[in-house]
Amino acid sequence: MKKLIILLTITLSTMNLMAQKLDKAKDYLTKGKLAEAKTEIDNFLNVEKNKTSSEAWFQKAKIYIAVSRDAAMKTSVADAKSTAFDAIKEYYKLEGAVKDSTKRYISMMMDGNTPLVDLYRDYSAEGATFYNANNFGDALGCFQKSLDVFDYLYEKKIINQSFDTTTVLYTGICAEKANKPDVAAVYYGKIAERRIQSEGFIELS
């Protein structure tokens, strides 16, 4: 009995320490201390046993999205948005294994699905910026990633719309202007398959 009590005490202490470290990362994010938040969450998830914490992956996604928007940090953190998207996928993978379906995806739902919606909007906005600067290669990459997030939003039943006509159209336009006719044909083909008229579309701004 004494050994069991000691084991329980150690386990509870470890869990409490883990929660404190995760709360520290959240606190840094809330205060806008992104370098500290990134370091804290990265160190937390570098510990093997912590990698099963879906909440940690959720917080990593939020932190890396914030990093991708920060002018001082985004240049030093390679592809922060992609890292955030990967973290979201890990979050969903771990939450999907929770036996009680009513307890799944609570953090994402409580946050209004903000990390995924932010990624979609940010990729789209970045694509528009590149497009308006006639940088069609980088615009193409951003719009493709925006569509990846859109498809994930639909897959997870966060949105009901299954096809993002405008982004597909501009992905095709960017591919064409970047001298990638085969890629352009794929996206134009998606619109043609659905018999969607292109009238009324305007330049991105």
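A salt bridge is a side-chain nitrogen of Lys or Arg within 4 Å of a carboxyl oxygen of Asp or Glu. This structure is a predicted model, in which local features need pLDDT of at least 70, side-chain atom pairs count only at pLDDT 80 or more, and totals for chains, interfaces and linings use all residues. Residues are numbered from 1 along each chain as its sequence is written, and side-chain values use heavy atoms, with hydrogens and water left out.

**View 1. Salt bridge between Lys51 and Glu48.** The closest N and O atoms of Lys51 and Glu48 are 3.3 Å apart. Lys51 counts as partly exposed because its relative accessibility is 32% (buried means under 20% relative accessible area, exposed over 50%, and partly exposed in between, with a 1.4 Å probe and protein chains only). Glu48, at 57%, counts as exposed. In the whole structure, a search finds 13 salt bridges. Side chains of opposite charge can pair when their charged atoms come close.

**View 2. Salt bridge between Glu55 and Lys26.** In this pair the closest N and O atoms are 3.5 Å apart. Glu55 lies in helix α3 and Lys26 in helix α1 (residues 2–30), so the pair ties together parts that are 29 residues apart in sequence. Helices (H or I, at least four residues) are DSSP runs, numbered from the N terminus. Lys26 is partly exposed, at 28% relative accessibility. Asp23 joins Lys26 and Glu55 in a network of salt bridges.

**View 3. Surroundings of Gln59 in helix α3.** Is Gln59 buried or exposed? With a relative accessibility of 7%, Gln59 counts as buried. Leaving aside neighbours within four places in sequence, Gln59 is in contact (heavy atoms within 4.5 Å) with Leu22, Lys26, Leu29 and Ile41.

**View 4. Salt bridge between Arg69 and Asp118.** A distance of 3.5 Å separates the closest N and O atoms of this pair. Arg69 belongs to helix α3 and Asp118 to helix α6, so the pair ties together parts that are 49 residues apart in sequence. Arg69 is partly exposed, with a relative accessible area of 47%, whereas Asp118 is buried, at 15%.

**View 5. The largest pocket.** The volume of this pocket is about 410 Å³. Its lining consists of 17 residues, of which Ser68, Lys74, Asp79, Lys81 and Glu126 lie nearest the centre. Two or more lining residues come from each of α3 (54–69), α4 (80–96), α6 (114–132) and α7 (136–155). The largest share, 5 residues, is that of α6. By class, the lining divides into 6 nonpolar, 3 polar and 8 charged residues. On a 1 Å grid over the protein atoms alone, where a 1.4 Å probe fits, a pocket is an open set of points with protein on both sides within 12 Å along at least five of seven lines, and lining residues have an atom within 4 Å of a point.

**View 6. Met109 in helix α5 (residues 106–110).** Met109 is exposed, with a relative accessible area of 51%. The C-alpha atoms of Met109 and Ile158 are separated by 9.5 Å, and these residues are 49 residues apart along the chain.

**View 7. Confidence along the chain.** The mean pLDDT (the predictor's confidence in each residue, from 0 to 100) is 89, and 86% of the residues reach 70 or more. Over residues 4–17, pLDDT stays under 50, and the model has 1 contact beyond four places in sequence for them. Over residues 198–205, pLDDT also stays under 50, and the model has 14 such contacts. Where pLDDT is low, the predicted coordinates should not be read in detail.

Definitions and conventions:
Grid points are joined across faces, edges and corners, and a volume is the space filled by probe spheres set on the points. Ala, Val, Leu, Ile, Met, Phe, Trp, Tyr, Cys and Pro count as nonpolar, Asp, Glu, Lys and Arg as charged, and the others, Gly among them, as polar.
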